[in-house]
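Dear colleague,

I am passing on the structure we spoke about, and I would be glad if you kept it open while you read the notes below.

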Amino acid sequence: TMPLELTLTDEKDIIIFWNEPKTKIFHRADEILGTDIRKCHSEKSLDKLEDLLEGMRSEAVDRVAMRIEHHGQNILIEYIAVRNEDGKYMGCLESCRLVDEDIR
């Protein structure tokens, strides 16, 4: 019922969960479960993804939000570090949702 897509990785960047919203933004094949998150991103975005994951591991980054256009749709993508009670990096939660032009 949530109007967003969620993907969760573990501390080794392996996809361990994603939800199945009614309206999908990105195609997620069942085969991605248990694979490296890098396999789900385009070649041109891999450097940014690597920097983001390294920032989360080093505790320099807790959350990053960005807007992109994908097939004519405005999408807000958020990456959120998942940490245990001691602050240790446990993985990353990626959230994607469609946004209106007025949202900044």
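What follows is a short account of what was found, going from the core to the salt bridges and then to the surface and the backbone. Please keep in mind throughout that this is a predicted model.

**The core**

The largest nonpolar core holds 17 residues, and those that touch the most other members are Leu49, Leu53, Met56, Tyr79, Tyr89 and Cys92. The elements that give two or more residues to this core are the helix α1 together with β2 (15–18), β4 (73–83) and β5 (89–98), and the largest share, five residues, comes from α1. As background, nonpolar side chains in soluble globular proteins tend to be buried together.

**The salt bridges**

How many salt bridges does a search of the whole structure find? The search finds six, and three of them are described here one after another.

In one of these salt bridges, the side chains of Asp13 and Arg57 meet with an N to O distance of 2.7 Å. This pair links distant parts of the chain, since Asp13 sits in the loop between β1 (5–10) and β2 while Arg57 belongs to helix α1, 44 residues apart. Asp13 counts as buried because its relative accessibility is 3%, whereas Arg57, with a relative accessible area of 31%, is partly exposed.

Another salt bridge joins the side chains of Asp62 and Arg83, at 2.8 Å from N to O. Here too the pair links distant parts of the chain, with Asp62 in the loop between α1 and β3 (63–70) and Arg83 in strand β4, 21 residues apart. Both partners are partly exposed, Asp62 with a relative accessible area of 46% and Arg83 with one of 23%.

A further salt bridge is formed where the side chains of Arg63 and Glu78 meet, at 2.1 Å from N to O. Because Arg63 lies in strand β3 and Glu78 in strand β4, this pair ties together parts that are 15 residues apart in sequence. Is each partner buried or exposed? Arg63 counts as exposed, at 52% relative accessibility, while Glu78 is buried, with a relative accessible area of 14%.

Beyond single pairs, salt bridges that share partners join Asp13, Asp36, Arg38, Glu50 and Arg57 into one network. The buried Asp13 and the partly exposed Arg57 that we met above are therefore both members of this network.

For a sense of the spacing around Arg63, you may like to look at its C-alpha atom and that of Cys92, which are separated by 9.4 Å although the two residues are 29 residues apart along the chain.

**The surface**

On the surface there is a patch of negative charge, in which Glu43, Asp47, Asp51 and Glu54 gather. Glu54 has its place in helix α1, which spans residues 46–57, and Glu54 counts as partly exposed because its relative accessibility is 47%.

**The backbone**

Two residues are worth finding for their backbone angles. Asp13, in the loop between β1 and β2, has a phi near 70°, which is a positive value in a residue other than glycine. Glu59 likewise has a positive phi near 70° and is a residue other than glycine, and its place is in the loop between α1 and β3. In exposure the two stand apart, for Asp13 counts as buried at 3% relative accessibility, whereas Glu59 counts as exposed at 53%.

With best wishes

Notes. Residues numbered from 1 in each chain as written. Predicted model: local features only at pLDDT ≥ 70, side-chain atom pairs only at ≥ 80, totals over all residues. Heavy atoms only, no water. Patch = residues over 30% accessible without salt bridge, like charges linked within 9 Å, V, L, I, M, F, W, Y side chains within 5 Å. Areas by Shrake-Rupley, 256 points an atom, 1.4 Å probe, with all protein chains shown as cover. Salt bridge = Lys/Arg side-chain N within 4 Å of Asp/Glu carboxyl O. Lys, Arg positive; Asp, Glu negative; His and termini not counted. Charge placed at Lys NZ, Arg CZ, Asp CG, Glu CD. Helix = DSSP H or I, 4+ residues; strand = E, 2+ residues; numbered from the N terminus. Buried < 20%, exposed > 50% of the residue type's maximum accessible area, 1.4 Å probe, protein only. Core = buried A, V, L, I, M, F, W, Y, C linked by side-chain atoms within 4.5 Å.
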